[in-house]
Each structure stands twice: as structure tokens, then as C-alpha cells.
Amino acid sequence: MTEDHPNQPTAGQDGPRTGVWLVGARGSVATTAIAGCAAVASGMHPPTGMITETGAFAGCGLPPLGGLVFGGHDTASCPLPKRAEQLVVGGVLPHGLPAAVHAELAAADSCIRPGGPLPGDLREGEGPRSDEDLTDAFAADLAAFTRDNGLDRTVVVNVASTEGAPDDGDTELPPSSRYAAAALRAGCPYLNFTPSTGLHHPRLREAALRSGLPHAGRDGKTGQTLLRSVLAPMFAQRALSVRAWSGTNLLGGGDGAALADPGAAAAKNAGKERVLADSLGRMPEGRLHIDDVPALGDWKTAWDHVAFDGFLGSRMILQTVWQGCDSALAAPLVLDLVRIVARVHECGGRGPVDGLGFYFKDPDSGPGDLPGQWRELTALAGRLRAAA
């Protein structure tokens, strides 16, 4: 690994460099993505889970992994090298990886700036900083990162903990929307990998249209909903009537703690439910529960119980269990999305990026079933290949 420049790409990678600005840059997903990018770019590990490293995206002109430069905002202070070691203890990262990519982790950590608002984040005699103050400060951080590192463009990705939906009478922007507004102001494409409001706030609609920047979201599809997006179309296409579909999620870590808040859980469940409604044409009976189990750390277990009717009214049941590491499932998707949206931006793409529903629970456009989303994704790859 290279250490002669704090943000030098991995050895052997020349040409344009793309910035990746992670909101929640010291969290599990961000740390896994940064460490994983360095490991794959150097050849230490295969690109398992990265569609952009398969033949589907060959010849599309995507930015190389070794040319990605990381920074971000976070309110946490734990340095990335130490955070990576914690993920080793939790079974998320393999032993020895944090030491092998220490230079890249340290370089990214040097580019992380304080998020906000922070406790005591006041201007003497004038009260708390306003939405406009915070947005200006975040946009200035983005502009400085892009300029100081000689980057062709910077893609902003929200991988912070889920926030609840804003109240109708709330006059302030939620944190995710402040960061999204800052991305627009700094001229950066934006990705929302969480169910938080982000660009979907009414006050940002006009700004998003005027910006002409590509953007995509919401809420990365990593586990239970990925499975639902395959199974629900199966029932619909086989004309099997789903009577009820219930589910439970057990998870820990920062996401588990955040989703213990009813408002945050409701925002998360909305995307999960959309997959069923879009695929089945209606919402069946049943509820989805999310339980915070701190002992699980970054690992989660999801159960689904599907009650359906067969021929002549015969009653049947399908049960599934999904156990996985959320950060390891999410990180390759984040890297895929950054590379695709950076290339779309380079090609002059504007507005919501068609074809990225494959990655999201609640996409801006497109079908809800995974096969349909895959067709749209490969069509997008074809357009990028034609522009290369």
C-alpha cells in the first residue's frame, strides 16, 4: 500500500480520480467500503458482490477502484484504522486487513470533517447555526475536498444511521436533507443508501431539478427485501394468492440502535412494504417488526412467514431465514453505485438515474421485481458502454 501522499490512489492506477464523500464516514458500512475498496484494488481480495466488476459492466468506462479517494462527514471521533479493528473483532472484516490497508484508512480519515449539528454547536450570542449555515459549511467541506485532491468529481453517499421522517410542521431540514442540499450546492451527484429523507424533502425538489445533477435512492437493498423482491413476483406470476406476509428483523450495531426509534423503523419498513405492494398489486395482511439486539453487532437475522392459497383453496406456507453481515452486504453495493453514478455524471446524465432500482428498496423509478430491475440495470450499462 502507498504512503507517500495522503490521498494517492493505489499503485498502478493512473488517470482520472473520483471522490467518494460518505455521510457517516466512520460507520460500519463506510469503513467496510473503504477497506474493501483498497483490498480489491490491490488484488488482496476478489470483488465478491460487486456487479461493476463483472462482464455486465465491461467496457463501460467506470472509474477504477484504485482511483477512488475517500472522505466524509461524521459526528463520531473514532479513527478509521481503529474502527476497522473493531470490525475485525465483530467478524465483519478479515484478520490482518486493517493493517494491510492502514495507509488508505488513515488517508481517508484525514479527509473526514465534523458533521452536525453537534452538542454546543452555537455561535456566541446568536443561538444555533441555521439550516443555511450548516449547508454552507458542509458544501465548503465538499468543495475543498474536491479541489485539494485534484478530483474530477465527487459523489456524495449517505450511509448514516436511519432518521425518522420529519414532522409536517417541522421548519428545519432533517440532517440527511442538509447533507443532500450541500451536495447540490457543491455540484456533486448524490446517493441516498438509507431510508432517510435526503433529497425527498419538499424544500429540495426545486433545487434538485435546477442542479441538473444525477442522483439515486433510497435505502440499499441488502437482505430481507432483496429476497422479497425475488419471491413476491414468483407468487404473482404463478397466480398464487398471498393471504399474509409477516416478518421480523433482529439486528444490532448503530443501525439497530437507530431503528429502535419508532419513527426510524417506520421509515425503514415503508421501503420494505413497497416491494410487496408493487409486486403483488396490494399489501397482504401481516406486519414487519424490527428488534434491536445489541449483542448481534453488525450481524442480522430476518425471518419471513408467507401464507398463501393454492389450487382449490389449499392453504400453504413458505418460511425463510436470512442471516448475514449487513456491512459486508452493503459495502460492494455502495462501491458499485458510486462508480455508476460517477460515470453517468461524466456522460452528462441529469436527475434520477434510471436503472438503479436493482440496488434500492424504494427506488426513484422502475419496476419492483428483481428480474425487471436487472434488465433495467443492464440496459443502463449498455448506454454507458455506448458512450465510452
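Contact means heavy atoms within 4.5 Å. Helices (H or I, at least four residues) and strands (E, at least two) are DSSP runs, numbered from the N terminus. This is a predicted model: local features need pLDDT of at least 70, side-chain atom pairs count only at pLDDT 80 or more, and totals for chains, interfaces and linings use all residues. Residues are numbered from 1 along each chain as its sequence is written, and side-chain values use heavy atoms, without hydrogens and water.

Q: Against which elements do the buried residues of helix 4 pack?
A: Buried means under 20% relative accessible area, exposed over 50%, partly exposed in between (1.4 Å probe, protein chains only). In helix 4, Ala-103, Glu-104, Leu-105, Ala-107, Ala-108 and Asp-109 are buried. Their packing partners are helix 1, strand 2, helix 2, helix 3 (97–100) and strand 3.

Q: Which element gives the largest share of the largest nonpolar core?
A: A nonpolar core is a set of buried Ala, Val, Leu, Ile, Met, Phe, Trp, Tyr and Cys residues joined through side-chain atoms within 4.5 Å. The largest one has 59 residues, of which Leu-22, Val-157, Leu-356 and Tyr-359 touch the most other members. Elements giving two or more residues include strand 1 (18–23), helix 1 (28–41), strand 6 (153–158) and helix 12 (370–387). The largest share, 11 residues, comes from helix 11.

Q: How many residues does the second, separate core have?
A: Val-157 is in contact with Val-20, Trp-21, Leu-22, Val-23, Leu-191, Phe-193, Val-334 and Val-338, leaving aside neighbours within four places in sequence. The second core includes Val-23, Leu-142, Leu-184 and Cys-188, and its residue count is 23.

Q: Which are the edge strands of the seven-strand sheet?
A: Two strands pair if DSSP finds at least two bridges between them. This open sheet runs in the order 3-2-1-6-7-8-13, with parallel pairing. Each edge strand pairs on one side only: strand 3 (112–114) and strand 13 (351–352).

Q: What is the bridge partner of His-73 in strand 3?
A: Strand 2 and strand 3 run parallel, joined by three bridges. In strand 3, the partner of His-73 is Arg-113.

Q: What angle does helix 11 make with strand 6?
A: Axes are lines fitted to C-alpha atoms, for helices over the stretch in contact, and angles run from 0 to 180 degrees between N-to-C directions. Helix 6 (residues 175–185) lies across strand 1, strand 2, strand 6 and strand 7 (190–192), at about 160° to strand 7. Helix 11 packs on this sheet too, touching strand 1, strand 2, strand 6, strand 7 and strand 8, and its direction relative to strand 6 is about 140°.

Q: Why is helix 5 called oblique to helix 6, and at what angle do they pack?
A: Angles under 35 degrees count as roughly parallel, over 145 as roughly antiparallel, 65 to 115 as roughly perpendicular and the rest as oblique. The axes of helix 5 (residues 131–148) and helix 6 are 8 Å apart. Helix 5 is oblique to helix 6 because their packing angle is about 55°.

Q: Which residues of helix 6 meet helix 5?
A: Helix 5 brings Asp-131, Glu-132, Leu-134, Thr-135, Asp-136, Phe-138, Ala-139 and Leu-142. From helix 6 come Arg-178, Tyr-179, Ala-181, Ala-182, Ala-183 and Arg-185.

Q: What is the average twist in the four-strand sheet?
A: This open sheet has the order 10-9-11-12 and mixed pairing. Strand 10 (288–292) and strand 12 each have a single partner strand, so one side of each is left without a neighbour in the sheet. From one strand to the next, the twist averages 10°.

Q: What is the bridge partner of Leu-250 in strand 10?
A: Strand 9 and strand 10 run parallel and share five bridges. In strand 10, Leu-250 is partnered by Asp-291.

Q: At what angle does helix 11 run to strand 12?
A: Helix 8 packs on the four-strand sheet, with its direction at about 170° to that of strand 9. Helix 11 lies across strand 11 and strand 12, and its angle to strand 12 is about 80°.

Q: Is Leu-312 buried or exposed?
A: Leu-312 sits in the loop between strand 11 (299–309) and strand 12 (315–325). Its phi is near 60°, a positive value in a residue other than glycine. Its relative accessibility is 77%, so Leu-312 counts as exposed.

Q: Which peptide bond is cis?
A: Arg-218 lies in the loop between strand 8 (214–217) and helix 8 (224–237). With omega near 0°, the cis bond runs from Gly-217 to Arg-218.
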